[in-house]
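Reader: Could you take me through this structure, please? I am new to it.

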Amino acid sequence: MSRLPTGVRGFDEIVGGGLMPGRVYIVTGPPGAGKTTFSVQFIVNGALMGENGLYLSLSEPVSNIIEDMTSSYKFPIKDLISRNKLFFVDLAPYEENVICGDEKVKSYIEKFLTAYTHKIESAEHYFTLTDVYHFLSKILPPLKIKRLVIDSVMGLRGISPETYGKEFIKFMRGLKTFNVTTLIISEMYETLKYQPEHFMAHGLIVFHHFLHEGRMVRGVQVLKMRGTRHSEDIFEVVFTSSGLEVTKRVIQI
Ligand SMILES: Nc1ncnc2c1ncn2[C@@H]1O[C@H](COP(=O)(O)OP(=O)(O)O)[C@@H](O)[C@H]1O
Ligand SMILES: [Mg+2]
């Protein structure tokens with residue numbers, strides 16, 4: 001099967017050349033470990049290769065994310081937005097919830113967002129998987145999205161907790177029909193405290209931030225990737241102005 005290069009230097013080598021297209025990956029780890037940077041790098045690199053990307057936020061205004069990412073790194077985000085290669089959307093219908101390069105596309109997306117206004121007004125401050133799926137089904141095909149980031153699973157629920165697992169599987173199957181490769185960001189507040197979607201996703205990429213030989217180290221570990229051989233070791237991650245870069249093995253499992 002062909003692989004999708006993430007463009008994150010050193011990462012593709014540990015997963016046999018890249019991610020498998022059409023699958024859903026969970027990106028998890030503690031705050032500040034690099035989840036957002038990795039995910040933005042994934043869509044930026046895709047867009048540079050001609051694959052359109054969508055960053056769907058369920059919690060934070062997308063303008064903040066763009067601001068943080070462009071002030072920390074030299075990602076050409078603004079240029080890719082203006083060329084209709086990258087789209088940033090906040091599902092919560094606040095102001096500035098759609099950042100894209102075309103006014104017509106912007107009003108098309110905004111039209112669908114109004115369906116979720118009541119969720120915010122009724123302080124029912126989360127979206128169900130069905131809401132997200134419904135929204136994506138309207139947006140992904142016309143915008144020709146090939147790489148998708150959903151940030152984060154904290155803002156996602158099933159219709160009821162009992163059916164969440166089943167709904168998540170349906171959600172993943174649905175995404176597959178759009179031929180899109182998805183990263184879902186999931187916060188991890190306690191080390192290795194897994195959530196249902198961690199078991200169901202096709203792959204689980206964990207970012208770590210830990211004390212190693214007297215210094216704080218950032219690391220990445222691929223705990224699961226169906227259909228491929230991969231290392232489960234922890235590799236050191238360094239941040240540069242071009243984003244994060246995977247360097248050497250720090251912990252052998
Ligand atoms: N150019 C840079 N060089 C070194 N560290 C950086 C740079 N830019 C950001 N960082 C650090 O990288 C961290 C990465 O954050 P982020 O990707 O937002 O993590 P997460 O989404 O997991 O919270 C930030 O906490 C910041 O301290
Ligand atoms: Mg983040």
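Reader: What pLDDT does the protein average?
Author: This is a predicted model, in which local features need pLDDT of at least 70, side-chain atom pairs count only at pLDDT 80 or more, and totals for chains, interfaces and linings use all residues. The protein averages a pLDDT of 90 (the predictor's confidence in each residue, from 0 to 100), and 94% of the residues score at least 70. Residues are numbered from 1 along each chain as its sequence is written, while chains are lettered from A and ligands numbered from 1 in the order in which they are written.

Reader: And where is confidence lowest?
Author: Helix H6 (residues 117-121) has the lowest confidence, at a mean of 69, whereas helix H4 (residues 77-82) has the highest, at 98.

Reader: How many helices and strands are there?
Author: The protein has nine helices and 12 strands, which are DSSP runs numbered from the N terminus (helices: H or I, at least four residues; strands: E, at least two).

Reader: What box do the C-alpha atoms fill?
Author: Taken along the principal axes, the box is roughly 50 × 45 × 35 Å.

Reader: Turning to ligand 1, which residues are closest?
Author: The closest are Lys35, Thr36, Thr37, Ser72 and Phe239, from 13 residues that surround ligand 1 (C-beta atom, placed from the backbone, within 6 Å of it).

Reader: Which helix gives the most to that shell?
Author: Helix H2 (residues 35-48) does, with three residues.
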